[in-house]
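This briefing covers one protein model and its bound ligand. The points are grouped by topic.

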Amino acid sequence: MTFMRPVEDTSSALLKAHLLAVKRFRDLRFGLFVNWGVYSIPGRGEWVMHQEQIPTAEYAKLPPQFAPSRFDAEAYADLMEAAGQKYMVFDAKHHDGFCLFDTALTDWKVTRTPFGRDPVAELAQALCKRSLILGFYYSLLDWTHPAYRNDWPAYVAYYQGQIRELCTKYGEIGMIWLDGYWPAHPLPAPHFGEGGSWQLAETYDMIHTLQPNALIGNNHHVGPLKGEDFQMFEQDLPGENTAGFNAESVGALPLESCLTVNGNWGYHAGDHNHKSPRELIRFLVQCIGRDSNLLLNVGPTPDGDVQPEHVERLRAVGDWLRINGEAVYENRPGPVPPQPWGYVTHRPDDGRLFLHILDWPSASLTVPVPGDCSARLLCDATRIATVSREGAVTLSLPRTPPDKADTVVELTLTP
Ligand code: GLC
């Protein structure tokens, strides 16, 4: 007798797997974004070709110079561990169309440069060894592929073919992060999407079929479209600046904010305006307080190194997370809503609440938490005196904040 699995079982198994993937994504909370390509060579950001109107023939002089002798996938995985980052979104193809993976669909790719290696394959291996998750940034917009301007169906087949490669050649992936389709910004061709349908529904089905645990996000700056699994925000906290976003859709899907350490995604030699570790930690905490992941970007140098100023900052955030990670990973906001001084988060089923105090109160702090509880600083276990009264707890805090970025107080509720 042959065993036939009822159709309903398959779909409920798929749904279960999807819900687990969504939970996993929300639990990760902190990832590394890597914007790297031949555009890193001039060192003026990843938009250099468009901004300086560099003709393709001229831009084509860059790949023969791509020889990042210091690229080391293990070093990236080490850095992620030191920074406390659980996933990476790597730039597989940016707007310039140049591919940082060994695609069979074009020669405009990394394995045709003096470097000759496939950084995506190397990263997939290094991250997998440490149970870190790899996902791909992929630009739908393409400034150099001839079909993008001349043969739309051929271009759609090309980009879908590349997404298929990314979903089949590098093991299990965590996400596909699309960019370059901006319906709210109808700017003139050839630099912005035009020429008809992107066939996104079909693309999304393909990704979900090939990689059932991968989530799909699209940086299109409009509310989430059907088939997308998370909503992303660029240089912005969810709900903070809703221009271009459907505010009502915020929170319907898992959220992710992406942020640059300085002002650029790709390497910019002249941009020294790096955010401080304190600013980065506070942005991360504000993300968690809004139930969002933070995808923090680095733009590696043409040699393949993460610039030292960024390494230093990522490590500092990691040092903070080693002490306070319990109040970040797997955390959700609540049950108390955002407060003027900061956020309350918790791990579901844990019986503890974490108060993230971003603005230190001058005296005591009263939090609307009913019942008795005990409190201590998460950083050094110092006890904090509490008085519970009329559905709220009042904490007697030290005069100055023990942690200038974010002091976390752990409240343990008495059952
Ligand atoms: C924007 C930019 C792109 C950058 C991306 C990251 O879409 O066009 O260059 O990589 O944001 O969020």
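In this predicted model, D305 is partly exposed, because its relative accessibility of 23% is not under 20% and not over 50%. The side chain of D305 forms a salt bridge with that of R70, with an N to O distance of 2.4 Å. The two residues are 235 apart in the chain and sit in loops: D305 between strand 8 (292-298) and helix 10 (308-324), R70 between helix 3 (56-59) and helix 4 (73-83).

**Salt bridges**

- The count of salt bridges comes to 22.
- Side chains of opposite charge can pair when their charged atoms come close.
- D78 and R130 form a salt bridge in which the closest N and O atoms are 2.6 Å apart.
- This pair links distant parts of the chain, 52 residues apart: D78 belongs to helix 4, and R130 to the loop between helix 5 (119-129) and strand 3 (133-139).
- D78 counts as partly exposed at 39% relative accessibility, and R130 counts as partly exposed at 22%.
- A salt bridge also joins R376 to E410, with 2.7 Å between the closest N and O atoms.
- R376 is in strand 13 (residues 373-377) and E410 in strand 16 (residues 407-413), so this salt bridge ties together parts 34 residues apart in sequence.
- R376 has a relative accessible area of 24% and is therefore partly exposed, whereas E410, at 5%, is buried because its value is under 20%.
- One network, joined by salt bridges that share partners, contains E74, D78, E81, K129 and R130.

**Ligand site**

- The ligand is surrounded by 14 residues, and the closest are E46, W47, H94, H95 and D179.
- By class, this shell has seven nonpolar, four polar and three charged residues.
- E46 places a polar side-chain atom 2.5 Å from an oxygen atom of the ligand.
- An N or O atom in the D179 side chain is 2.8 Å from a ligand oxygen atom.
- For the side chain of N219, the distance from an N or O atom to an oxygen atom of the ligand is 3.3 Å.
- The ligand taken alone exposes 300 Å², and the protein buries 96% of that area.

**Strand 1 and its partners**

- Strand 1 (residues 30-34) is mostly covered, with five of its five residues buried.
- In a regular strand the side chains alternate between the two faces of the sheet.
- In strand 1, F30, L32 and V34 point one way while G31 and F33 point the other way, and all are buried.
- Strand 1 pairs with strand 8 in the parallel sense through five bridges, and G31 stands opposite L295 of strand 8.
- Strand 1 also runs parallel to strand 2 (residues 87-93), to which four bridges join it.
- The bridge partner of L32 in strand 2 is M88.

**Antiparallel sheet**

- An open sheet of eight strands has the order 9-10-11-16-13-14-15-12, with antiparallel pairing.
- Strand 9 (332-333) and strand 12 (365-367) are the edge strands, each pairing on one side only.
- Three bridges hold the antiparallel pairing of strand 12 with strand 15 (residues 392-396).
- Within strand 15, L395 is the bridge partner of L365.
- The R376–E410 salt bridge involves strands 13 and 16, which appear next to each other in the order of this sheet.

Conventions: Residues numbered from 1 in each chain as written. Predicted model: local features only at pLDDT ≥ 70, side-chain atom pairs only at ≥ 80, totals over all residues. Heavy atoms only, no water. Near = heavy atom within 4 Å. Polar contact = N/O pair within 3.5 Å; in protein donor to acceptor, adjacent residues only side chain to side chain. Areas by Shrake-Rupley, 256 points an atom, 1.4 Å probe, with all protein chains shown as cover. Nonpolar A, V, L, I, M, F, W, Y, C, P; charged D, E, K, R; others polar. Salt bridge = Lys/Arg side-chain N within 4 Å of Asp/Glu carboxyl O. Buried < 20%, exposed > 50% of the residue type's maximum accessible area, 1.4 Å probe, protein only. Pairing = 2+ DSSP bridges.
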